[in-house]
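Visitor: Hi, could you walk me through the charged pairs in this one? I have a few quick questions.
Guide: Happy to, let's pull it up.

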Amino acid sequence: TQYLENRQILRFLDNIQKAGERAAHIVTNMLQFSRQSTRTLMPASVPELLTQALEIASSDYNLKKGYDFKQIQIDTNFDHVNRPVPCAKQEIEQVVLNLIKNAAQAIHERSLLNEENFDGRIEVRSFIDRNYCYIQIEDNGIGMDNDVRKRIFEPFFTTKDIGVGTGLGLSVSFFIITSHHSGTMEVRSEPMKGTCFTIGLPLVMQTSKADNLALQKEA
């Protein structure tokens, strides 16, 4: 045992085990959402959806994970989004909630640097542009460099310590938006300035090839 401890082999084995558990958790999440691919997208109010996600987030308090929304200024700007958007409401709420919590973590990390006059801020916006409804979650947290930003949606990629993640990774969020909703998900970020995630949801409900064939048979 002393031999293993001196060479830090036990620590390496522990890290391998935890990484394996995290990978299994991500795969389970992906399989869970994949099995729900027959869901029906229903029209929903994006401002109401975002407001509900913010209400859930505001009641979450976990200093270890950086969730202390009472210490963060949260601004909203829902610009002329009166048109219902076809979506799986609970899935979009989960994605938004995950992004809000990630923003809180990024702000928490920056706050540890004890910068003078730093106040954490998250802004949640929604607006319509042409055939898409866009949702943006922007923070003034620690930010990311280009190398991290380019890999942020990769499965199993993380910059967080084991046990700090929210349970719904960005790779799963990206899968939900792009695969389940035929939407887009992008990120821009700069170290020490913050991060902005942009989700684009089509205003016209997408139909699969199977749905089109069924409609043709009915006709």
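**Salt bridges**

Guide: Let's begin with glutamate 154, which is partly exposed, at a relative accessible area of 33%. Keep in mind that this is a predicted model.

Visitor: OK, which residue does glutamate 154 meet in a salt bridge?
Guide: Arginine 151. Their side chains come to 3.1 Å, N to O.

Visitor: And arginine 151, how accessible is that one?
Guide: Arginine 151 has 39% relative accessibility, so it counts as partly exposed too.

Visitor: Which residues are joined into one network by salt bridges that share partners?
Guide: That network holds Arg121, Glu123, Arg125, Glu138 and Arg188.

Visitor: Nice. What is the N to O distance between glutamate 123 and arginine 121?
Guide: For that salt bridge it is 4.0 Å. Arginine 121 is partly exposed, with 26% relative accessible area.

Visitor: What about glutamate 138, which arginine does it pair with in a salt bridge?
Guide: Arginine 188, and the closest N and O atoms are 3.9 Å apart.

Visitor: Where do those two sit?
Guide: Glutamate 138 is in strand 7, residues 132-139, while arginine 188 belongs to strand 8, residues 184-190. The pair therefore ties together parts that lie 50 residues apart in sequence.

Visitor: Is glutamate 138 buried or exposed?
Guide: Buried: its relative accessible area is 19%, and the cut-off for buried is under 20%.

Visitor: Last one, how many salt bridges turn up in the whole structure?
Guide: A search of the whole structure gives 7.

Terms used: Residues numbered from 1 in each chain as written. Predicted model: local features only at pLDDT ≥ 70, side-chain atom pairs only at ≥ 80, totals over all residues. Heavy atoms only, no water. Buried < 20%, exposed > 50% of the residue type's maximum accessible area, 1.4 Å probe, protein only. Helix = DSSP H or I, 4+ residues; strand = E, 2+ residues; numbered from the N terminus.
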